[in-house]
Amino acid sequence: MNDFIAILRRFVPPYKKYLFLNIFFNILSAFLTLFSFAVIIPILEMLFKVKEATYEFLPWGSASLKDVVINNFYFYTQEAIAHYGAPTTLALLALLLVVMTGLKTGVTFLASYFVIPMRSGIVRDIRNYVFDKMVTLPISFFTSERKGDVMARMSGDVGEIENSIMASLDMMFKNPIMIIVCLVMMVMISWQLTIFVLILLPLAGFVMGKVGKRLKRQSLEQQNQWGLLMSNIEECLGGLRIIKAFNAEEKVKSRFHKENQVFYRLSNRIARRQSLAHPMSEFLGTLAIAIVLWFGGSLILSGTSSMNAASFIYYMVIFYSIINPAKELSKAMYSIQKGLASMVRVDKILGASNPIKDPANPREIENLKGNISYKDVSFSYGTNEVLHNIDLEIPAGATVALVGQSGSGKSTMADLLPRFYDVAGGSITVDGTDIRDLRVHDLRSLMGNVNQEAILFNDTFYNNITFGVEGATMEQVRAAARVANADDFIMATEEGYDTNIGDRGCRLSGGQRQRVSIARAILKNPPVLILDEATSALDSESEKLVQEALERLMKGRTTLVIAHRLSTIRNADLICVLHEGRIVERGTHDELLALGGYYSHLVDMQKF
């Protein structure tokens with residue numbers, strides 16, 4: 001229950017108005033329920049001659065409010081019988097019962113009407129918070145998390161919160177109010193019998209709570225297993241070409257079926273336990289009614305109670321009206337326990353800390369030149385140190401290339417510059433300013449990236465090229481595309497720049513995708529450029545077109561190039577050779593060839 005209250009404290013404040021209106025109409029509904037039931041007492045006592053007393057009108061204020069209201073109600077009922085007869089009075093009382101019930105159902109609808117925007121709004125906010133957090137988390141977070149599991153938390157877990165916790169909000173606010181109001185009336189009718197009820201009900205609640213706690217634990221297992229299934233599906237969709245190429249269909253089917261069977265067993269166990277809620281609550285409710293009926297009847301028969309038979313029947317009607325809310329409350333608690341398990345998983349994203357933070361007093365670079373300096377930089381992935389005391393000066397407007405075998409630390413050096421990760425030791429400066437002293441947004445606005453895998457979105461050419469650039473005109477977009485050698489093939493498509501390129505640009509060739517991503521970088525017009533093996537996955541013809549586009553893009557910009565194809569960087573101002581996280585050689589292409597070291601060896605292998 002504490003977890004549920006904590007969720008309300010986090011997400012309900014923006015919807016206080018709806019919460020207060022819901023509580024107000026629920027209280028009104030509870031009172032109207034009691035007063036509509038109260039109409040049956042004069043029917044029993046006077047119309048069927050259970051009670052033969054005569055009543056006189058009492059002025060308001062002559063006795064307690066309760067006594068005056070009850071006395072005058074009996075008086076007017078008695079007068080109606082005398083003037084209109086018992087059948088007409090019975091019809092009037094029945095009509096009053098209908099009116100009271102109509103009012104009660106009306107305010108019950110209003111209570112639900114006002115809780116719906118709060119329920120839907122909280123789910124919308126949670127989904128927004130999770131997505132916003134996911135976008136702002138550093139790349140390091142997703143190296144330790146499965147993408148499919150993150151997607152499962154965004155979809156399945158948030159959906160479970162909606163279906164379990166938020167769907168139960170109305171019952172959680174309505175039923176306790178109904179139970180409290182009914183208990184107050186029961187105390188007013190017979191405090192002895194109500195004390196007995198208050199001992200009986202918590203025992204039933206204890207039994208239900210024991211079952212509900214176990215349900216939360218099992219639900220957490222189920223949601224974790226669902227995350228595994230989603231990861232499996234995401235991996236299979238991403239690697240379908242390899243699965244088919246290696247005839248591994250049966251292998252992935254077997255793995256999926258095995259994990260799905262575990263999910264099936266967990267789902268059965270949870271559904272069975274959840275389906276136990278209604279029968280158990282009904283049985284315990286009927287048992288409680290039977291015990292109260294026996295105990296209250298014994299008090300009346302022995303003459304030790306102030307209640308008469310009609311009051312006892314009214315008491316039992318009120319007590320029975322508690323049973324249904326108690327049942328719904330128990331079902332709601334079951335649902336909430338199931339939803340809390342999903343909230344635990346969602347909180348793993350919401351509670352994740354982002355080590356890449358803006359400084360308290362950020363600095364700004366005026367008149368940017370583009371001098372970049374790596375000073376004694378070290379970096380580790382966990383316990384694995386991948387960069388060791390790197391020193392590198394990149395003058396403004398220069399092109400510096402990083403080469404070396406896979407795993408030597410080239411991409412890590414490039415990722416440290418826009419603060420995708422933070423250095424473990426040393427510092428990186430731009431124009432003498434440590435990049436950790438700049439706002440992350442300001443730092444990244446200085447840089448443009450072109451990666452080995454062109455990352456495009458399922459949108460039009462125009463929207464992909466203008467991604468992250470506000471207010472770009474079509475003339476500017478076409479100019480950028482022309483520089484990137486992309487305008488011709490874009491205009492040859494059906495709708496030109498309004499043509500959708502498909503998921504990840506699947507309707508384009510590799511060279512076309514890369515040229516679109518280069519056009520995007522050209523439009524951004526950044527002073528610092530990072531090229532991460534931008535031509536390594538292309539054929540010779542596409543490489544020529546992309547290389548021409550890159551050369552135009554690099555003019556006048558400070559450029560850091562990561563390259564496997566050494567022919568693409570022979571004109572670089574400086575080439576640094578990395579080996580096991582250290583710069584082992586540096587110089588121009590000709591200088592490094594003359595050394596006859598690592599670089600010369602790499603060139604010889606590529607010539608071969």
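Analyst: Before the helices are read, one convention is needed: a helix axis is a line fitted to the C-alpha atoms over the stretch in contact, and angles between N-to-C directions run from 0 to 180 degrees. The model discussed here is predicted.

User: At what angle do α5 and α8 pack, and how far apart are their axes?

Analyst: Two packed helices are described by the angle between their axes and by the distance between the axes. Here α5 (residues 86-136) and α8 (residues 169-189) pack at about 140°, with axes 9 Å apart. The two helices are therefore oblique to each other, since only angles over 145 degrees count as roughly antiparallel. Their crossing is right-handed.

User: Which residues of α5 and α8 meet?

Analyst: From α5 come Ala111, Ser112, Val115, Met118, Arg119 and Ile122, and they meet Leu169, Asp170 and Phe173 of α8. By class, this contact divides into 6 nonpolar, 1 polar and 2 charged residues.

User: How are α5 and α7 oriented, and which residues make their contact?

Analyst: The same two quantities serve again. The axes of α5 and α7 (residues 147-164) come within 10 Å and cross at roughly 165°. The pair is therefore roughly antiparallel, and the crossing is right-handed. On the α5 side the contact is made by Val123, Ile126, Arg127, Val130, Phe131 and Met134, and on the α7 side by Val150, Met154, Val158, Gly159, Ile161 and Glu162. These residues comprise 9 nonpolar, 1 polar and 2 charged.

User: At what angle does α17 pack against α19, and what is the handedness of the crossing?

Analyst: Helix α17 (residues 474-483) packs against α19 at about 125°, and their axes lie 8 Å apart. That angle makes α17 oblique to α19. The crossing is right-handed. Gln476, Val477, Ala480, Ala481 and Val483 of α17 make the contact with Ala519, Ile522 and Leu523 of α19. By class there are 7 nonpolar residues, 1 polar residue and no charged residues. Helix α19 (residues 510-524) also lies across strands β6 and β7 (528-532), running at about 175° to β6.

User: In what order do the strands of the sheet containing β6 stand, and which strands are at its edges?

Analyst: One reads a sheet by its strand order and by the sense of each pairing. This is an open sheet of 6 strands in the order β6-β7-β8-β3-β9-β10, with mixed pairing. Strands β6 (447-451) and β10 (582-587) each have a single partner, so one side of each is left without a neighbour in the sheet. From one strand to the next, the twist averages 20°.

User: Where in this sheet is the pairing parallel, and where is it antiparallel?

Analyst: Strands β3 (residues 399-404) and β8 (residues 558-562) pair in the parallel sense over 4 bridges, with alanine 401 opposite valine 561 of β8. By contrast, β9 (residues 574-579) and β10 pair in the antiparallel sense over 5 bridges. In that pair, histidine 579 stands opposite arginine 582 of β10. The two strands form a hairpin with 2 residues between them, and in its turn glutamate 580 has a positive phi of about 50°.

User: How many strands has the other open sheet, the one containing β1, and what is their order?

Analyst: It has 4 strands, in the order β2-β1-β4-β5, with antiparallel pairing. At the edges stand β2 (384-394) and β5 (433-434); each has a single partner strand, so one side of each is left without a neighbour in the sheet. Strand β1 (residues 372-381) pairs with β2 over 7 bridges, phenylalanine 379 being bridged to leucine 387 of β2. Strand β1 also pairs with β4, over 5 bridges, and there serine 378 has glycine 425 of β4 as its bridge partner.

User: Which residues are bridge partners between β4 and β5, and which residue of their hairpin takes a positive phi?

Analyst: Strands β4 and β5 pair in the antiparallel sense over 2 bridges. Valine 430 is partnered by threonine 433 of β5. Their hairpin has 2 residues between the strands, and aspartate 431 takes a positive phi near 55°.

User: Where is confidence lowest, and where is it highest?

Analyst: Where pLDDT is low, the predicted coordinates should not be read in detail. The mean is lowest in helix α3 (residues 40-47), at 62, and highest in strand β4 (residues 425-430), at 91. Across the protein the average pLDDT is 80, and 88% of the residues score at least 70.

Definitions and conventions. Residues are numbered from 1 along each chain as its sequence is written. This is a predicted model: local features need pLDDT of at least 70, side-chain atom pairs count only at pLDDT 80 or more; totals for chains, interfaces and linings use all residues. Side-chain values use heavy atoms; hydrogens and water are left out. pLDDT is the predictor's confidence in each residue, from 0 to 100. Two strands pair if DSSP finds at least two bridges between them. Angles under 35 degrees count as roughly parallel, over 145 as roughly antiparallel, 65 to 115 as roughly perpendicular and the rest as oblique. A crossing is left-handed if the near helix is turned anticlockwise from the far one by less than a right angle, and right-handed if clockwise. Contact means heavy atoms within 4.5 Å. Ala, Val, Leu, Ile, Met, Phe, Trp, Tyr, Cys and Pro count as nonpolar, Asp, Glu, Lys and Arg as charged, and the others, Gly among them, as polar.
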